Amino acid sequence: MENLYDVVIIGSGPAGLSAALYAGRARLNTLVIEKERTGGQIVTTDEVANYPGSIRNATGPSLIARMVEQVEEFGAKRISDTINEVKLEGKIKVLKGEKREYKAKAVIVATGAKPRQLNCPGEKEFTGKGVSYCATCDADFFTDFDVYVIGGGDSAVEEAIYLTKFARKVTIIHRRDQLRAAKSIQEKAFKNEKIDFIWNSEVKEIKGDGIVESMVIRNRVTGEETEIHANEEDGTFGIFVFIGYMPQTDLFKGILEMDERGYLLTDENMKTNIEGVFAAGDCRKKSLRQVVTACADGAIAATQAEKYIENNFSE
C-alpha cells in the first residue's frame with residue numbers, strides 16, 4: 001500500500017523522538033511528522049541541567065540534535081508537514097497533511113502542549129534569557145536572585161513556593177485582587193516570608209540587552225505603569241509565567257478521549273481509546289511534564305505500538 005508505515009509519530013519533541021528511536025530500533029518502518037521546528041519546548045531552554053546524564057552545559061538544542069542523530073541512525077524518517085485531518089478507526093490509520101496523505105498501522109500522538117503566553121513586547125525575545133515557563137527546569141539558574149511569578153492559580157502559587165528554595169525573593173504578580181489557587185496552597189504562600197504580592201497588575205513589557213533587565217507592569221485598577229529594574233549587583237531577575245498550558249490536541253477533538261482542558265487520556269501503556277493509537281508527552285494528562293517523562297512516554301508508546309502490530313498484522 002502506498003505510503004504505508006508501521007508507525008507514524010505526530011510531533012518531534014522529546015516524546016516523539018524517543019518513540020522514533022525505540023520504533024526504529026525495533027526495525028519498524030517509522031515516520032516522524034513535525035509541524036514546525038524539531039524539538040518542541042525544550043529547544044527554547046539555554047541549559048538543561050536536570051536530564052539524567054546530560055553533559056555539563058548541555059543546551060536544549062544540543063540535546064535535541066543528539067536525539068535526532070540517534071533517530072536517524074536507527075532508520076526512522078522525518079518529514080515536515082501539517083496534519084489537518086485524521087481517520088484513526090480501523091486497522092489502517094489515515095493522516096491527511098498539507099503535502100500528502102500518510103497511512104499507518106499504528107499512530108503515536110506526541111503533539112505537546114504550549115504554555116500560555118503574556119503576549120507582551122519582549123516576552124519572545126527573552127524566553128530562555130530570563131523568561132521561563134518551568135520552575136523545575138530553570139529555578140536553579142536564579143539562585144539568590146529576585147524572581148517574579150506571573151499568575152494566581154494552583155500552578156503559579158505552587159511554583160512560587162518551590163522557587164523560594166532558590167531565589168532570594170519571590171514576588172507573585174496577579175491580575176486580580178486575590179489568588180485563584182486552592183486555599184491550602186494560598187495559606188502556605190502567605191506564611192512564606194520570601195513571597196510578596198503585587199495585585200491587580202499585568203506585565204506590559206519586558207526589557208533588556210541580551211538578558212532581562214527590567215519589566216513594565218500596569219495596575220489594572222488605576223492604570224498606573226511602573227518599571228521594575230534588576231538589582232544593580234545582579235543585573236537581571238527571573239520572570240516565571242504560569243498562566244496555563246494549551247495542549248496541542250484540537251485535531252483530535254471528538255475522536256480521542258480527553259479531559260476538560262484538552263489533554264489526551266491514556267492508560268499507563270500510553271493507549272488511547274482507539275486501538276493502535278497511542279499518546280505520549282505533554283499532550284496527555286499527567287502529573288509531571290519534563291523532558292525525562294516525555295522520553296519515558298515515547299519509549300513506552302513505541303514498545304506498545306510494536307506489540308500491537310505484532311498481534312494484529314502477523315502474516
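This section describes backbone outliers, strand pairing, cysteines and aromatic contacts in a predicted model.

Two residues other than glycine combine a positive phi with a loop position. Arg27 has a phi of about 65 degrees although it is not a glycine, and Arg27 lies in the loop that connects α1 (14-25) with β2 (30-34). With a relative accessibility of 67%, Arg27 is exposed. Asp144, also not a glycine, has a positive phi of about 65 degrees. The loop that holds Asp144 runs between α3 (135-138) and β9 (146-150). Asp144 is exposed as well, at 52% relative accessibility, a value that lies just on the exposed side of the cut-off, which is over 50%.

Strand β13 (residues 212-219) pairs with β12 (residues 201-208) through seven bridges, and the two strands run antiparallel. Within this pairing, Lys207 has Ser214 of β13 as its bridge partner. The two strands form a hairpin with three residues between them, and Gly210 in the turn has a positive phi of about 90 degrees. Strand β13 is also joined to β14 (residues 225-229), again in antiparallel orientation, by five bridges. Here Ile217 is matched with Thr226 of β14. The hairpin of β13 and β14 has five residues between the strands, and in this hairpin Gly223 takes a positive phi near 80 degrees. Strand β13 thus takes part in a hairpin with β12 and in another with β14.

One disulfide is found in a search of the whole structure. The bond links Cys134 and Cys137, with an S to S distance of 2.2 Å. The torsion about this S-S bond is about 75 degrees, so the disulfide is right-handed. Its two cysteines fall in separate accessibility classes: Cys134 is buried because its relative accessible area, 16%, is under 20%, whereas Cys137, at 22%, is partly exposed. Cys120 is buried, with a relative accessible area of 10%. The closest cysteine sulfur to that of Cys120 belongs to Cys134 and is 19 Å away, which is too far for a bond. Cys283 is likewise buried, at 0% relative accessibility. For Cys283 the closest cysteine sulfur is that of Cys295, and the distance of 14 Å is too far for a bond.

The whole structure contains seven aromatic pairs. One of them is formed by Tyr162 and Phe166, whose rings are 5.4 Å apart centre to centre with 55 degrees between the planes, a tilted arrangement. Tyr162 is partly exposed, at 25% relative accessibility. Phe190 and Phe197 also form a tilted pair, because their ring centres lie 5.0 Å apart and their planes meet at 50 degrees. Both members of this pair are partly exposed: Phe190 has a relative accessible area of 46%, and Phe197 has a relative accessibility of 21%. Ring pairs further connect Phe142, Phe240 and Phe242 into a cluster.

Charged side chains also contact aromatic rings. The charged end of Lys91 sits over the ring of Phe313, at 4.5 Å from the ring centre. In another such arrangement, the charged end of Arg289 is placed over the ring of Tyr263, 3.9 Å from its centre.

Terms used: Residues are numbered from 1 along each chain as its sequence is written. This is a predicted model: local features need pLDDT of at least 70, side-chain atom pairs count only at pLDDT 80 or more; totals for chains, interfaces and linings use all residues. Side-chain values use heavy atoms; hydrogens and water are left out. Helices (H or I, at least four residues) and strands (E, at least two) are DSSP runs, numbered from the N terminus. Buried means under 20% relative accessible area, exposed over 50%, partly exposed in between (1.4 Å probe, protein chains only). Two strands pair if DSSP finds at least two bridges between them. A disulfide is a pair of cysteine sulfur atoms within 2.5 Å. Rings of Phe, Tyr and Trp (its six-membered ring) pair if their centres lie within 6.5 Å; planes under 30 degrees apart count as stacked, over 60 as edge-to-face and the rest as tilted. A charge sits over a ring if NZ of Lys or CZ of Arg is within 6 Å of the ring centre and within 35 degrees of the ring normal.
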